Amino acid sequence: MTRHRGRGMASINYPIGMNLGGDPSQALVHSNPSGKFTVALSSIDLGQGMKSVTRQICAETLGVPVEDVYVDTADSDTGPHCMGSFASRGTHRVGNAVMAAAREARGVMMEAAAEELEVNAADLETDGRGNIHVKGAPHRSISTKDVAIAAQFKQGKTISGRGIFLVPLSNVDPETGEMSPATCYAHACLVAEVEVDDETGDVAMVRMDSAYELGRALNPRLVEQQLVGGAWMGVSHALYETPEPYYPDPVHGPRDFVEYLMPGPGDICPHDIAVLERPAPDGPFGAKGPGEMCANPVLPAVANAIFNAVGVRIDDLPITPEKVLRAIKAQGGARPQARR
Amino acid sequence: MLELRKDIFADERDDNLKEIGKGTQRQDMLGHVTGTSNYFNDHKLQGMLHLKVVRSTQAHARIRRIDTTEAERSAGVRRIIRGTDVPVNLNTLLSLINFGKDDEPSLAVDKVRYKGEPILAIVADSEREAFEAIAKVKVDYEPLPAVFDVEDALKPGAPVVNETYPKNAFIYHDVYDHQRLRFGDADAALASADHVLEQRYQMSPIEHAPTETNGAIAAPDTNGRYVVYTSTQALFFSVDTCAKILDVPSNTFHFIGGTVGGGFGGKVDTLTEPLAILGAMLTGRPVRYVFGREEEMQYGPPRGAERIYIKDGVMRDGRIVARKIRAYFDSGAYTRLSSYAAVKCAAHLPGPYTIPNVYGDVYCVFTNRTPATAMRGFGVTAMDFAIECQMDKLANLVGMDPMEFRILNAYRDGDMKAHRREAKNTALIECVQVAAEKAKWPIRDEFRRASSRKDGGGSRAAIPPTPTESRARPAAPAQQRTSYDRAPVTATREPPREPPPPPTTPPPPPPRPSAPSHGATRFSSVFGTRRR
């Protein structure tokens, strides 16, 4: 028995959203009389961090601290329309809608502040800590709370904003497939190192190194959770999972997590990630979206690493020990390729 | 470990921001880690009933008769819901964006098309009593031949899975049984390539495996409205789908969701909301319908399998000159969203590379299995697996390092993509360079110096002459047609039998790879041949 190490890589891109039927999302932003803002959405937080990333976008655009913004989602009576949380569209589409709504609200807030400070709104700036002051004269300042009170009770202004972001419908040419499916693309390259046991066909992950280009990492911690978790979903797709183990014969389908194989804590390996940021011209602060693409390069990188380790190509997923072992036997033993 | 490479593309960014770019703790973190976040299933309402469905035991069968006599008398049963109780018992999800035809009932009426298809819903005082009543329902099936393989399903004479699409393929643009992509002359380029490599790839179905299974709780609200707590990934998608199926204005519903225990695409299909609301409408009580784990794994929609054939032409210097792809999406018995994924897949071809000649045919095929749906990377994950395994083989074939091979063929700013839009804001080359650096994978200087912002456009921006093909006419259905269509019929009625119509001309077979030209190296996993 020998364990063979091998490395494989893959590089990919991924479309952000998909505008087959037009792809809109809306947002509403409003302030209460203490200068605390609520973002009303109907978008869904699946754990990916929709509430948090839109909160940061709103705070940055308004020029207030993130603590002064709360995101409320999803309620069909209060939240305006959103297509949904899929197709890696949340950060880009909803983020842009929130930005537009926050910009409108900021406009009213600055007008209200200008009236209180008796200056031109164009001469004001926010400090991001809850104050608005005259550019170059920080002592001529008013808190967003005092602005909100004045707007509500004195000036009769509503510090609120509406936002929509729509990527219009793209027609698809039946003959050539000409279309505008997406407005921007994220990118990735991943290297997987594996160890293949030529007696059992078992594949163990040794390490992963990757680079993901995401436009802008709005919250690097949320990006990290997506990329780490997504890569493990990729490993799981490559080596473990399927509800139809004998596809296309639909027999012996698993019914629970005892029968449905996924990697456990003992199967994980180190994963070093680099994040690159090439801002998308139409992204909120340039952001694209890491949601879906993070799993994609892992599947082929693992398959290519197995070839590098023992010289067999498994083109049917998942790459089970049985398939690896049969392929090794068919070629008369492991044939390690040049070490990379 | 995550490292931000701020040095790359720094000239395109303003990094002088206050909240953006910070690793601020999630707004909902405290609720999640203390177990106080509210999910749909945390709403235990007074007088709440429980709904469970009778699922087909057959992959493909006529329903002769459904006997509920004993089930009706079973303890705790409040209501048995049949297909005929559903106001609009035929829908397709993307009808909301006017894409595709209604093809799926909420409850099967006279035919089942996959094992596990819902036939009846039983509303009872408890889940246990609902299950006990389900065990007492007798369904008399007349089994029909079933088809499980995507390519078998497209053969003439294959059993018709879904009568809305009698050729077992989604119809694109009212003309074709596939989505086309045509860019340049792939056949001519393959004929003059130094090497041609043709391979077959198979992606398996995948379960989304969310911690929280699909579910909804619907309750009568004041003023004739219904409140619905839901796990949906797309709130208004679900609102509008329910309004259509239940034939009421959408503002009848107050949907509340937004905190979901994992989705990954498996909670877009609005599977539980319509029946939960209908149960509430028919009983006047709150009704909870939640998938069990086995239902989620076997009858909740998976990521569909895909079969992909790739034929590439590559020159000795490593340039790919042609890529021809035929892909089959296994949609299962109904369309759901696979039709859309096939278009997204066509747009994705040929991957992030500039290849002057690209040809793609992507099929959305119906088989007698659980309908597939969206999953993370929908339309792209399997294609990336196929393309990137193929890229590794091509690099091996021409004796190039796989990293350098990617950089050589990578798309760059200003290049024309195969779906006829200019590539902008690209960054594949930089990702390859950084990954190589991190993994200490040596690449040569000229590849380390390459840039997405250099050497693109120019002749690479051109749309190459593309041969026109004769436009196919919408062909008459060539397979046996059955009478199970949209007209609502009662479940117990004997279905009408029609003699099969005489066979007409079979449809043209899917395009076959053209015969290899002489002089080139040919490998083929498609036909198992290897010749020179």
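How many of the eight residues of helix 11 of chain B are buried? In this predicted model, the count is seven, and the helix, which spans residues 402-409, is therefore described as mostly covered, where buried means under 20% relative accessible area. The buried members are B:Pro402, B:Met403, B:Glu404, B:Phe405, B:Arg406, B:Ile407 and B:Asn409. A friendly place to pause is the beginning of this helix: there, a side-chain oxygen of B:Asp401 comes to within 2.8 Å of the backbone nitrogen of B:Met403. B:Met403 thus appears twice in this small picture, as one of the buried residues of helix 11 and as the partner of B:Asp401 at the start of that helix.

Stepping back to the whole of chain B, helix 11 belongs to a chain with 13 helices and 18 strands. Chain B has 532 residues, and 64% of them count as buried. What share of the contacts in chain B with a separation of 6 or more comes from residues 24 or more positions apart? The share is 80%. Turning to the outside, chain B exposes about 20,000 Å², and carbon and sulfur atoms supply 51% of that area.

Chain A can be read in terms of its domains. The domain assignment gives domain 1 of chain A as 3-15 + 185-330, written in two pieces, and domain 2 of chain A as 23-166. Their C-alpha centres lie 39 Å apart. Where the two domains meet, 15 residues of domain 1 of chain A are in contact with 17 residues of domain 2 of chain A. The area buried between them is about 1,200 Å², with 58% of it given by carbon and sulfur atoms. On the side of domain 1 of chain A, A:Leu218, A:Pro284 and A:Phe285 lose the most area to domain 2 of chain A, and together these residues make up 40% of what that side buries.

Which kinds of polar pairing are found between the two domains of chain A? Seven residue pairs are in polar contact, counting pairs with both residues at pLDDT 80 or more, while the number of salt bridges between the domains is zero. Among the elements on the side of domain 1 of chain A that touches domain 2 of chain A, strand 1 (3-15) and helix 4 (220-239) each supply at least two residues. Helix 4 of chain A gives the most to that side, with three residues.

Terms used:
Residues are numbered from 1 along each chain as its sequence is written. Chains are lettered from A and ligands numbered from 1 in the order in which they are written. This is a predicted model: local features need pLDDT of at least 70, side-chain atom pairs count only at pLDDT 80 or more; totals for chains, interfaces and linings use all residues. Side-chain values use heavy atoms; hydrogens and water are left out. Helices (H or I, at least four residues) and strands (E, at least two) are DSSP runs, numbered from the N terminus. Buried means under 20% relative accessible area, exposed over 50%, partly exposed in between (1.4 Å probe, protein chains only). Contact means heavy atoms within 4.5 Å. Accessible areas come from the Shrake-Rupley method with a 1.4 Å probe; for residues, only the protein chains shown count as cover. A polar contact is a pair of N or O atoms within 3.5 Å; within protein, one must be able to donate a hydrogen and the other to accept it, and residues adjacent in sequence count only if both atoms are side-chain atoms. Domain bounds come from an automatic or database domain assignment. Buried area is the accessible area (1.4 Å probe) that two parts lose on being put together, summed over both. A salt bridge is a side-chain nitrogen of Lys or Arg within 4 Å of a carboxyl oxygen of Asp or Glu.
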